[in-house]
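Welcome, and thanks for taking a look at this protein with us. Please open the model in your viewer and keep it at hand while you read.

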Amino acid sequence: MIGESLLANEPVIRLSAFIGIFAIMALAELLQPRRQLTVSKGLRWFSNLGIVALNTAIARVIFPMAPVAFAFLCAENGWGVLNLVEWNGWLKLALAVIALDFFIWLQHVMVHAIPMLWRLHRMHHADLDYDVTTGARFHPIEILLSFAIKFAVIALLGASPVAVLIFEVILNAMAMFNHANVRLPLGLDAVLRMLLVTPDMHRVHHSSIPQECNSNFGFNLSIWDRLFGTYTAQPSLGHENMQIGLDMFRKDKDERLDQMLIQPFRDATGEYAINRRDWNKP
Ligand SMILES: [Zn+2]
Ligand SMILES: [Zn+2]
């Protein structure tokens, strides 16, 4: 059975893709860095990778069913638009992967737009440097929220298990690629970002300037930001000189795992929620 072998191999496929891409990007960062790191890498990597381990464990306990398994359940029960139509299988696969990417983009805009959700998401932005580990640094409550949204979107779309697995592997790989502190040739960056999010494009989103932080919400396809008017091509201070992080969390201790976990409940919401963006500035 394709279904059973897919389910049995799903964790192995995801874990090998994670380790493989992580190793490639970490090496690329050493060989061809885009910026000098500003704080201790040891502390940041311990905290960022610690939060990955914590998130994996928490998600497994609260959502014992993986999204791929949930997609099987939807297919068996005929839930979701794509499970109701008789279209070509490849077309349905492509539509499901693209639609899942759109909903991830929309979710990202939403966590910047709603002040309470911004409190959860700002931990991703409070990283004072930007490298491959930043891509996996999300607060556990935001991870649980994304799981719930992902399940709802899978049920709504009727995305097939294969589409969900492909999307999850691509999202994971792209998150590590586009957070990497790597210098791509500018020509290659320009060609890639016609369709995909590149490290230079997503780095703008980690700028400490609210205007830039509320831009470039995409993780995989760059088209959503261009289409919906949230695209900023380059940071105003340039990639070497721009400041990464948030003004309100710049102390060394803010990079500690325990401080990261309590960050949503600390201090005021801050200046960064999208509704505070000055839309008249370029
Ligand atoms: Zn963000
Ligand atoms: Zn990011």
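What follows is a short tour of the fold, the metal sites, the internal spaces and a few single residues.

## Overall fold

Please keep in mind that this is a predicted model. The protein has 12 helices and zero strands, so the order of elements from the N terminus is simply α-α-α-α-α-α-α-α-α-α-α-α. With a radius of gyration of 19 Å, close to the 19 Å from the globule rule for 282 residues, the protein is as compact as a globular protein of that length. Along the principal axes, the C-alpha atoms fill a box of roughly 50 × 40 × 35 Å. Buried residues account for 50% of the 282 residues.

Helix α3 (residues 67–77) gives a good view of this burial: its buried residues are P67, V68, A69, F70, A71, F72 and C74. Just after α3 comes G78, with a positive phi of about 70°.

## The two zinc ions

Now to the metals. The table sets out the protein donors of each ion.

| Ion | Protein donors | Donor distance | Spacing in sequence |
|---|---|---|---|
| zinc ion (ligand 1) | H108 (NE2), H112 (NE2), H121 (NE2), H125 (NE2), H205 (NE2) | 2.1 to 2.2 Å | H-x3-H-x8-H-x3-H-x79-H |
| zinc ion (ligand 2) | H124 (NE2), H179 (NE2), H202 (NE2), H206 (NE2) | 2.1 Å | H-x54-H-x22-H-x3-H |

How far apart are the zinc ion (ligand 1) and the zinc ion (ligand 2)? The separation between the zinc ion (ligand 1) and the zinc ion (ligand 2) is 5.5 Å.

Two donors of the zinc ion (ligand 1), H108 and H112, belong to helix α4 (residues 89–113) and are four residues apart, about one turn of the helix. An α-helix has 3.6 residues a turn, so residues three or four places apart point the same way. Are these two side chains buried or exposed? H108 is buried, because its relative accessible area of 3% is under 20%. H112 is buried as well, with a relative accessible area of 0%.

Around the zinc ion (ligand 2), the four donor atoms subtend angles of 91 to 161°, which makes the arrangement irregular. For a tetrahedral label all angles would have to lie between 85 and 135 degrees, so the upper value of 161° rules that label out. As a reference point, the ideal angle for four tetrahedral donors is 109.5 degrees.

The donor spacing of the zinc ion (ligand 2) begins H-x54-H. That pair links distant parts of the chain: H124 sits in helix α5 (residues 115–125) and H179 in the loop between α7 (161–178) and α8 (186–192), 55 residues apart. Both H124 and H179 are buried.

## Pocket and cavity

The largest pocket holds about 1,200 Å³ of space. Of the 35 residues lining this pocket, R14, I143, F147, K150 and N172 are the closest to its centre. The helices α1 (2–31), α2 (41–62), α4, α6 and α7 each supply at least two residues of the pocket lining. By class, the pocket lining has 21 nonpolar, eight polar and six charged residues.

There is also one cavity of 30 Å³ or more, and the largest cavity has a volume of about 70 Å³. Which residues line the largest cavity? They are L100, F103, I104, Q107, S146, I149, K150, V153 and F167. Two or more of the lining residues come from each of α4 and α6 (140–157). By class, the cavity lining has six nonpolar, two polar and one charged residues.

## Single residues to look at

Helix α4 also holds W105, which is buried at a relative accessible area of 6%. The C-alpha atoms of W105 and L221 are separated by 9.0 Å, although the two residues are 116 residues apart along the chain.

Most residues other than glycine have a negative phi. N216, which is not a glycine, has a positive phi near 50°. N216 lies in the loop between α10 (210–213) and α11 (223–227), and is buried with a relative accessible area of 1%. D267, also not a glycine, has a positive phi of about 55° and is found in the segment after α12 (257–262). D267 counts as partly exposed, because its relative accessibility of 46% falls between the 20% and 50% cut-offs.

Conventions
Residues are numbered from 1 along each chain as its sequence is written. Chains are lettered from A and ligands numbered from 1 in the order in which they are written. This is a predicted model: local features need pLDDT of at least 70, side-chain atom pairs count only at pLDDT 80 or more; totals for chains, interfaces and linings use all residues. Side-chain values use heavy atoms; hydrogens and water are left out. Donors are N, O and S atoms within 2.8 Å of the metal (3.2 Å for Na, K and Ca); water is not among the atoms, so sites may look incomplete. Buried means under 20% relative accessible area, exposed over 50%, partly exposed in between (1.4 Å probe, protein chains only). On a 1 Å grid over the protein atoms alone, a cavity is a set of points where a 1.4 Å probe fits but cannot get out, and a pocket is an open set with protein on both sides within 12 Å along at least five of seven lines; lining residues have an atom within 4 Å of a point. Grid points are joined across faces, edges and corners, and a volume is the space filled by probe spheres set on the points. Ala, Val, Leu, Ile, Met, Phe, Trp, Tyr, Cys and Pro count as nonpolar, Asp, Glu, Lys and Arg as charged, and the others, Gly among them, as polar. Four donors count as tetrahedral if all angles lie between 85 and 135 degrees; four count as square planar and six as octahedral if opposite donors are over 155 degrees apart and all others between 65 and 115; anything else is irregular. The radius of gyration is taken over C-alpha atoms; the globule rule is 2.2 Å times the number of residues to the power 0.38.
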